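Work through the following exercises with the model open beside you, and try each task before you read its solution.

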Amino acid sequence: MMRKGIKVRLDPTPRQERLLASNAGAARYVFNLGLMHIKSQLNGNTSCDGQGKADWSMPALRRWWNAWKQELAPWWRENSKEAYTSGLQSLSDAFSNYFASRDGERKGERMGWPKWRSKHKTTPKFTYTTGSFGVADPHGLKLPRIGRVHCMENVEQLTGGIQPSHMTISKHGGHWYASLCVEVPDPQPPTTLEGHVGVDIGVKRIATLSDGTTVENPHTLKTSMRRQRRTQRKLNRRRKGSKRYLKAKKELQRVEGHVANQRRDRMDKLTTMLATTYADISIEDLSVKGMTKRPKAKPDPNNPDKYLPNGRKAKAGLNREILDVGFGMFRRMLEYKCALSGARLHIVDRWYPSSKTCSNCGTVKAKLSLKERVYRCDHCGLVIDRDLNAASNIDVAGSAPRDVKRAWRAHKTKESWLTPETLAASGEGNANQAAVPADCLRLGADAGNGVLSTRTN
Ligand SMILES: [Zn+2]
């Protein structure tokens, strides 16, 4: 069995919209209340449970809430009890994540101390996990204490008639959505996949495939992005917190939601096409975080209090665009779609110079400015579109044997360098590869015509 997420836009009546907002507000309220409670426990103020021990486990929070809800929130009956449960659950998760991260038991980015949830800045949401929620009819969802809410899509068809195990209601871009989690049988991968492809993701052009296919940004996206910038300027001119400000903010959220939807749609179509067409897909491991980090300040050696230009302004513009394209989204989509279709996804090391390498002779250029849209090789005279060159290199690097990839990484970290001896030791060595000069790294498994090797000097 496999879990599948389905998201549909809701079409609530004004009354239902008020109830949705109320439930989401209840989840937020109880989160903040619980945070205050845990804080006072940790500070040694034992007035809340009388024992002076901080316990952020779900049973403890639930016990505390049931004992105090009448006093702290006499209006609690107005909302579904699931709203309070989801608020407490996310608080409990926030604390476990914080402590696990602090103690090094949690991978990934460091989690901070749980923050207050602001009414204007937090995404309104709550989750149903128990009770009689689910698909009511083809275009309707049943929400306890709210009733049947109409959906914009045929939700029965999307879920295949399977009742969801949980359902999260959230609001973004000015609209309410329901995310349903359903358990579906494992898909049968189709056997029609064949061939391999390398994909280069870009800013101006959304993607270039190694077979020469290009995927452009939709024109409508440019139009709505212009509208987004205009609305942002409008918001900036208004006094913060005023009625006119809030009105402009709402408008901006709506426009931003539209832009995000357009982008996701294009990415969805591209990743579906890739995952259902090719057997082997190679992409670059692009670290969005690394690319968006603010450049370090560069002190002026002659003037101790002054700083030299460090390209921060230029980077800020480019980074914004890079983020906009949504590399992270692309990779996540491709990962799960490949798992569904049975295609193999290869991630090429992020230090591999895909743009600087000649896809014909393997020479690596020392410098390649972003302005150069056409790659010209000084060694073999190849003239090729920059992105197409990169895509071809990614394709070759992605389909290279594992040991060669590892050797490449090892070289990059300056631990060792690939020689015919290390190749032989890794089991990849044969007469052909031993003949490659030591300053060349062979990418790709086929014959020694030198086309697939990368010169690294
Ligand atoms: Zn060349």
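Two strands are said to pair if DSSP finds at least two bridges between them. Keep in mind throughout that the model is a predicted one.

**Exercise 1.** Find in which sense strand 8 and strand 11 pair, and then place them in their sheet.

*Solution.* Begin with strand 8 (residues 196-201) and strand 11 (residues 280-284), which are joined over 4 bridges and run in the parallel sense. To locate this pairing on the chain, look at histidine 196, which has aspartate 280 of strand 11 opposite it. Next, widen the view to the open sheet of 5 strands, whose order is 10-9-8-11-14 and whose pairing is mixed. Strand 10 (214-216) and strand 14 (344-348) each have a single partner strand, so they stand at the edges, with one side left without a neighbour in the sheet. Neighbouring strands here are turned against each other by 20° on average, if direction is ignored. Finally, notice that helix 6 packs on this sheet, where it touches strand 8, strand 9 (205-209), strand 10 and strand 11, and that the direction of helix 6 makes about 10° with that of strand 9.

**Exercise 2.** Decide how helix 5 and helix 6 are oriented towards each other, and describe their contact.

*Solution.* First take the axes of helix 5 (residues 219-237) and helix 6 (residues 243-277), which come within 9 Å and cross at roughly 160°. Since angles over 145 degrees count as roughly antiparallel, helix 5 is therefore roughly antiparallel to helix 6. The crossing of these two helices is left-handed. Then look at the residues that make the contact, among them Leu221, Met225 and Arg227 of helix 5 and Leu252, Val255 and Glu256 of helix 6. Sorted by character, the residues of this contact fall into 8 nonpolar, 7 polar and 6 charged.

**Exercise 3.** Describe the open sheet of 3 strands by its order, its pairing and its edges.

*Solution.* Start with the order, which is 3-4-5, and with the pairing, which is antiparallel. The edge strands, strand 3 (134-137) and strand 5 (147-150), each pair on one side only. From one strand to the next, the twist averages 45°. Now follow strand 4 (residues 140-143), which pairs with strand 5 in the antiparallel sense over 4 bridges; within this pairing, leucine 143 has glycine 147 of strand 5 as its bridge partner.

**Exercise 4.** Characterise the stretch at residues 2-41, for which UniProt has a feature.

*Solution.* The unreviewed UniProt entry gives this stretch as "domain: Transposase putative helix-turn-helix". In the model, residues 2-41 are 70% helix and 20% strand, with the end C-alpha atoms 41 Å apart.

Terms used. Residues numbered from 1 in each chain as written. Predicted model: local features only at pLDDT ≥ 70, side-chain atom pairs only at ≥ 80, totals over all residues. Axes fitted to C-alpha atoms, helices over the stretch in contact; angles between N-to-C directions. Parallel < 35°, antiparallel > 145°, perpendicular 65-115°, else oblique. Left-handed = near helix turned anticlockwise from the far one by under 90°. Contact = placed C-beta atoms within 7 Å. Nonpolar A, V, L, I, M, F, W, Y, C, P; charged D, E, K, R; others polar. UniProt positions renumbered as here; feature names shortened; annotations may be inferred.
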